[in-house]
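Biologist: Got a minute to walk me through this one? I'd like to start with the odd backbone spots and then move on to the rest.

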Amino acid sequence: MRIDHATSPPSLTAVPEAARQPRVVVALHEGFYGAESGTGFSNRAFLTALARLLPAGRLSVITPHVPESARAHDQRWAGEVRQMLRQAAAEVITIPKVNAPPDSVRGSVQLCDLAGEAAIRIAARAGRCLLVGLDIPFLGLAPYTSPTTDLLLVPRSTTALTRPKDVSRVRWERDALRAATLRGARVGAISSHMRGHLVVNYAVPRSSIVSIPNGLIREEMIRPATALPLPFKAHAGFLLAMGRAVPTKGFEDLLEALRLLKERGVPVPHLLLAAVTSEEHKHLSSYQQDLAADIRAHDLDATLITRFTPAIRAWLHSPALRAVIVPSREEPFGRIPLEAFAAGAGPVVATTAGGLAQTVIDGETGFTAAPQDPRSLASALHRALTVLPRERDRLRSAGATLVRSRHDYEASVGSVMDRIAPWALAQSATAEGRAR
């Protein structure tokens with residue numbers, strides 16, 4: 001693996017035609033140095049799948065630099081990613097971190113400029129190139145493609161879903177997707193919900209969309225080697241809910257559901273609520289403060305966890321876990337149910353928001369509730385806590401079957417690569433000659 005700080009590439013004439021092997025270039029903002037959300041886990045899984053699928057030396061990765069002193073830099077995570085890419089003889093190009101937030105129009109434009117210029121240099125020494133923009137910050141890569149560069153954009157969410165009042169940001173995303181599809185780019189849909197959303201709300205042509213169902217790679221289907229100690233109050237049994245500390249995750253609906261159950265005299269295990277952020281500040285966000293106030297006001301048996309670490313997910317394997325709750329108001333896909341199914345955790349209680357309805361099926365793989373409806377959520381949670389052991393085992397078995405049969409992420413990535421860039425997967429004649 002080579003770290004290239006965006007130095008000038010050789011000219012086209014300096015690279016012999018025979019040496020111009022195909023390249024797949026992936027630009028990502030989250031997932032190389034760590035994860036702040038499910039996006040980081042999905043991006044890392046995407047990279048891992050490509051590293052396994054592509055012949056050695058064909059993968060290039062472009063990512064903004066995150067210093068080791070930053071909270072968003074997870075040394076273990078970054079070391080594992082680097083080792084995985086090193087084994088694939090992948091090239092890593094770090095670009096400067098932009099000053100503007102990546103979820104702002106200015107921040108995304110700057111990221112696309114830096115990543116696009118690096119991608120042009122890679123394409124100049126490649127025979128053919130596939131440029132992949134992972135998630136919203138890289139939707140604006142279309143101007144950096146050439147006749148020999150194909151483009152695949154994979155939005156894992158949109159601002160229309162998470163911040164619909166941010167009109168300028170929604171407009172930028174819509175214009176970027178339009179510019180990309182007019183140039184022949186493909187747009188990856190991570191779920192049927194996202195496919196419909198992109199068509200209806202962003203006017204993406206159906207013919208431009210390719211299905212890349214989100215899922216797990218094999219490392220994510222086994223018990224982690226390390227786990228955080230459980231808080232003392234959770235040892236006798238606990239509920240687990242986790243995600244970014246934003247209103248769309250519906251954590252206040254969950255707390256209200258617990259208040260309703262308490263009011264009815266229903267015994268409920270201790271809640272571990274990981275409403276997290278990895279932002280560089282010492283104090284709780286306003287949303288986290290509101291959650292903490294709700295817990296205090298209703299004297300709920302809950303622990304609020306406010307800082308993210310990937311090790312939290314190891315709690316899915318704990319024998320003390322009684323249920324996993326996903327109370328989202330909006331969810332483009334939702335990885336947590338799959339992680340719970342793979343860990344044999346459950347029952348899973350989730351709303352039917354967005355992509356969650358594809359994986360958590362009431363009475364089959366878990367229990368469901370209407371989004372933003374605490375009473376419905378309380379009812380679903382009560383069912384999960386009173387389910388008979390044989391029924392719990394049946395739900396867990398069905399969930400495990402679902403994740404292994406329909407959400408193998410390496411198979412999903414391989415399928416789309418075979419469809420849009422089979423030339424990238426093919427062994428070169430030179431490589432075959434060396435192998436012989």
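**Backbone oddities, then the core and the charges**

Modeller: Sure. Q372 sits in the loop between β14 (367-369) and α11 (374-385). Bear in mind that this is a predicted model.

Biologist: Okay, what is phi of Q372 near?

Modeller: Phi is near 55° there, a positive value in a residue other than glycine. Most residues other than glycine have a negative phi.

Biologist: And is Q372 buried or exposed?

Modeller: Q372 is exposed, with a relative accessible area of 51%. The cut-off for exposed is over 50%.

Biologist: What about A203, what's its phi?

Modeller: A203 has a positive phi of about 55°, and it is not a glycine either. A203 lies in the loop between α6 (192-202) and β8. At 59% relative accessibility, A203 counts as exposed.

Biologist: Which peptide bond is cis around P347?

Modeller: The one from G346 to P347, with omega near 5°. P347 is in the loop between α9 and β13. Most peptide bonds are trans.

Biologist: Since you brought up β13, which strand does it pair with?

Modeller: β13 (residues 348-351) pairs with β12 in the parallel sense, over 3 bridges. Within that pairing, V349 of β13 is the bridge partner of I325.

Biologist: And what joins β12 to β9?

Modeller: Another 3 bridges, and β9 (residues 238-244) runs parallel to β12. There, L239 stands opposite A323 of β12.

Biologist: Why call β12 largely enclosed?

Modeller: Because 5 of the 6 residues of β12 (residues 321-326) are buried, the strand is largely enclosed by the rest of the structure.

Biologist: Where does α9 come in, and what's the handedness?

Modeller: Helix α9 (residues 336-343) belongs to a β-α-β unit with β12 and β13, and that unit is right-handed.

Biologist: Switching to charges. How many salt bridges do you count?

Modeller: The count comes to 21. Side chains of opposite charge can pair when their charged atoms come close.

Biologist: Give me one with R52. What does R52 pair with?

Modeller: R52 forms a salt bridge with E410, with the closest N and O atoms 3.4 Å apart. R52 is in helix α1 (residues 38-53) and E410 is in helix α13 (residues 409-420), so the pair ties together parts that are 358 residues apart in sequence.

Biologist: What else does E410 meet in a salt bridge?

Modeller: R218, at 3.5 Å, N to O. R218 is in the loop between β8 (209-211) and β9, 192 residues away from E410. Put together, R52, R218, E219 and E410 are linked in a network of salt bridges.

Biologist: How accessible are the two arginines, R52 and R218?

Modeller: R52 counts as partly exposed at 30% relative accessibility. R218 is exposed, with a relative accessible area of 53%.

Biologist: Back to α1 and α13. At what angle do they pack?

Modeller: About 65°, with their axes 9 Å apart. The crossing of α1 past α13 is right-handed. Residues making the contact include F46, A49 and R52 of α1, and Y409, E410 and V413 of α13.

Biologist: Last one. What does R259 meet in a salt bridge?

Modeller: E256, at 2.7 Å from N to O. R259 and E256 are 3 residues apart in helix α7 (residues 251-263), so about one helical turn separates them. E256 counts as partly exposed, at 24% relative accessibility.

Note on methods: Residues numbered from 1 in each chain as written. Predicted model: local features only at pLDDT ≥ 70, side-chain atom pairs only at ≥ 80, totals over all residues. Heavy atoms only, no water. Buried < 20%, exposed > 50% of the residue type's maximum accessible area, 1.4 Å probe, protein only. Helix = DSSP H or I, 4+ residues; strand = E, 2+ residues; numbered from the N terminus. Pairing = 2+ DSSP bridges. Right-handed = clockwise from strand over helix to strand, strands pointing away. Salt bridge = Lys/Arg side-chain N within 4 Å of Asp/Glu carboxyl O. Axes fitted to C-alpha atoms, helices over the stretch in contact; angles between N-to-C directions. Left-handed = near helix turned anticlockwise from the far one by under 90°. Contact = heavy atoms within 4.5 Å.
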